Amino acid sequence: MEGLTDSGVLVFLGVILACSILADIVAIRTRIPRISLLVLLGVGIAVVRQLGLSESAELLPRVRQPLIELALVMVAFLLGGEFTWERMRNLAGSATVFSLSVALVSALLVAVGLSVAGFPLAVCLALAAIAVATDPAGVIESIEGNAVHSESGRLLVAAVAVDDAWGVIFFGLSMALVGWMTDMSGNGGEFLSTVWELGGAVVLGVAVGVPGAWLTGRLEPGEPTRAEAFALILLLAGLSSWLGVSELLASMVAGVIIVNRAEHHQRSFSEIERIKWPFLVFFFVLSGASLDLTALSSGLLLLSLYIGLRVSGRYLGGLLGASLIRSQRPVRSGLGLAMTPQAGVAIGMALLASERFPAHGAALMTVVVTSTVIFELIGPVLVRRIVK
């Protein structure tokens with residue numbers, strides 16, 4: 001983007017937000033998930049850019065990285081905020097068994113299936129971890145009427161609340177495993193780097209979360225709390241990048257600490273909830289704009305296998321989970337398929353994996369961005385058919 005001025009960047013971001021308003025209107029009238037529309041908007045930008053219809057080739061790298069990092073940190077921080085001690089005690093039973101069954105079977109099936117098909121280890125393990133993540137909001141919004149109060153509805157809502165957390169944990173472990181396996185004959189540097197990425201993320205989450213919890217109870221609601229929320233997000237994003245640790249894990253740990261230690265923990269989380277949507281708009285649009293069109297045709301086999309294996313894993317994992325908890329509560333057949341929708345966490349993990357393995361970055365982003373649109377379209381239909 002030679003010669004692009006700062007005003008050009010601001011206009012570009014303003015156009016994205018304006019288009020997101022139109023996407024909201026279309027989503028309301030057509031029931032097409034707005035996340036899919038935003039990703040497709042980004043794909044449209046990718047088409048224009050890669051077909052040479054625009055001279056702004058350097059635009060995306062300039063604006064993408066900080067906006068995507070902030071959105072990822074917000075999502076992970078809010079995810080950590082879901083894990084209060086009370087909720088974790090309530091999840092200690094059937095919901096945990098069910099969600100973990102779906103997660104493990106999905107990850108295992110994707111990893112083994114892609115490995116048998118001959119794809120590289122990094123691609124197999126990254127997509128296996130990404131397959132675990134679910135879009136909780138997409139699932140909950142798709143449950144119609146009183147179905148949310150049914151046995152299957154309550155189980156599903158509880159299960160998807162922790163599914164993204166399993167995805168973050170599985171992703172960290174899979175990256176550590178790839179580091180260890182690729183460094184078995186080396187000097188241990190890659191493995192130690194991966195250990196630091198996980199362990200350092202926990203340390204950073206504690207280092208930011210503990211003083212954040214102390215501060216939250218001493219600020220009045222309003223502008224001071226909003227400044228505190230921004231401070232937490234910026235510190236987590238900046239320090240994670242600087243220290244080379246997982247921003248997803250660090251932010252989730254900080255969220256868990258604050259929600260359980262702060263006297264008025266809801267203030268920070270409420271402020272982040274209020275300000276996160278514009279950042280998520282940029283996240284989804286710019287993620288779609290990252291799609292490499294040249295990798296789309298060559299990646300059709302990988303895309304088809306990933307979709308088929310993940311859907312099969314959801315179904316079989318749901319059957320296993322249902323059989324394990326059958327004595328505790330009745331479960332509708334095929335409930336695991338209701339955990340098909342995917343959104344931000346999956347795309348975020350794909351972005352991180354593509355940075356870690358640049359040789360496979362185009363393939364990973366193509367598969368995850370495209371499959372996210374497909375899962376967001378078919379997922380709500382499956383939820384409504386299964387949860388009644």
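These are my notebook entries on helices and a few single residues in a predicted model.

**Entry 1: the whole chain**

I began by counting secondary structure, and the protein comes to 16 helices and zero strands. Next I looked up burial: of the 388 residues in the protein, 53% are buried. Then I checked how far apart in sequence the touching residues sit. Among contacts between residues at least 6 apart in sequence, 85% join residues at least 24 apart.

**Entry 2: α5 and α6**

How do I describe two packed helices? I need the angle between their axes and the distance between the axes.

I tried that on helix α5 (residues 94-116) and helix α6 (residues 121-130), whose axes cross at roughly 155° and come within 8 Å. Angles over 145 degrees count as roughly antiparallel, so I put α5 and α6 down as roughly antiparallel to each other. The crossing of α5 past α6 is right-handed. On the α5 side I found A107, V110, A111, L114 and S115 in the contact, and on the α6 side C124, L125, L127 and A128. I sorted the residues of this contact into eight nonpolar, one polar and no charged.

I also noted the spacing rule for this kind of list: an α-helix has 3.6 residues a turn, so residues three or four places apart point the same way.

**Entry 3: α14 and α16**

Are α14 and α16 parallel, antiparallel, perpendicular or oblique to each other? I looked up helix α14 (residues 300-325) and helix α16 (residues 361-386), and they pack at an angle of about 50° with their axes 10 Å apart. That angle makes α14 oblique to α16. The crossing of these two helices is right-handed. From α14, the contact uses L302, L303, Y306, I307, R310 and V311; from α16, it uses A363, V367, T370, S371, I374 and F375. My tally for the contact of α14 with α16 is nine nonpolar, two polar and one charged.

**Entry 4: α2, and α16 again**

Helix α2 (residues 34-50) has 17 residues, and I got 24 Å from its first C-alpha to its last, close to the 24 Å expected at 1.5 Å a residue. Its buried residues are I35, S36, L37, L38, V39, G42, V43 and A46.

Then I went back to α16, this time with α2 as the partner. The axes of α2 and α16 cross at roughly 150° and come within 9 Å. I therefore call α2 and α16 roughly antiparallel to each other. This crossing is left-handed. Here I35, S36, V39 and L40 of α2 meet V369, V373, E376 and L377 of α16. The contact of α2 with α16 divides into six nonpolar residues, one polar and one charged. I cross-checked the two lists for α2: I35, S36 and V39 are among its buried residues, and they are also part of its meeting with α16.

**Entry 5: α15 and G344**

α15 has 13 residues, which should span 18 Å at 1.5 Å a residue, and I found its end C-alpha atoms 18 Å apart, which agrees. α15 is mostly covered, with 11 of its 13 residues buried. Among them are G344, I347, M349 and L352.

I picked G344 for a closer look, in helix α15 (residues 344-356). Its relative accessible area is 13%, so G344 counts as buried. I found that G344 touches L72, F283 and F284, leaving out residues up to four places away in sequence. G344 and V75 lie 269 residues apart in sequence, yet their C-alpha atoms are 7.8 Å apart in space.

**Entry 6: S240 and W277**

Is S240 buried or exposed? S240 sits in helix α10 (residues 223-243). With a relative accessible area of 1%, S240 is buried. Not counting residues up to four places away in sequence, S240 touches L204, L235, V245, S246, E247 and A250.

W277 belongs to helix α12 (residues 266-289). Its relative accessibility is 23%, so I logged W277 as partly exposed; the cut-off for buried is under 20%. Setting aside neighbours within four places in sequence, W277 is in contact with D24, R34 and L38. L38 is one of the buried residues of α2. My last lookup was W277 and A71, which are 206 residues apart in sequence and 8.7 Å apart in space, C-alpha to C-alpha.

Methods: Residues are numbered from 1 along each chain as its sequence is written. This is a predicted model: local features need pLDDT of at least 70, side-chain atom pairs count only at pLDDT 80 or more; totals for chains, interfaces and linings use all residues. Side-chain values use heavy atoms; hydrogens and water are left out. Axes are lines fitted to C-alpha atoms, for helices over the stretch in contact, and angles run from 0 to 180 degrees between N-to-C directions. Helices (H or I, at least four residues) and strands (E, at least two) are DSSP runs, numbered from the N terminus. Angles under 35 degrees count as roughly parallel, over 145 as roughly antiparallel, 65 to 115 as roughly perpendicular and the rest as oblique. A crossing is left-handed if the near helix is turned anticlockwise from the far one by less than a right angle, and right-handed if clockwise. Contact means heavy atoms within 4.5 Å. Ala, Val, Leu, Ile, Met, Phe, Trp, Tyr, Cys and Pro count as nonpolar, Asp, Glu, Lys and Arg as charged, and the others, Gly among them, as polar. The expected span of a helix is 1.5 Å times one less than its number of residues. Buried means under 20% relative accessible area, exposed over 50%, partly exposed in between (1.4 Å probe, protein chains only).
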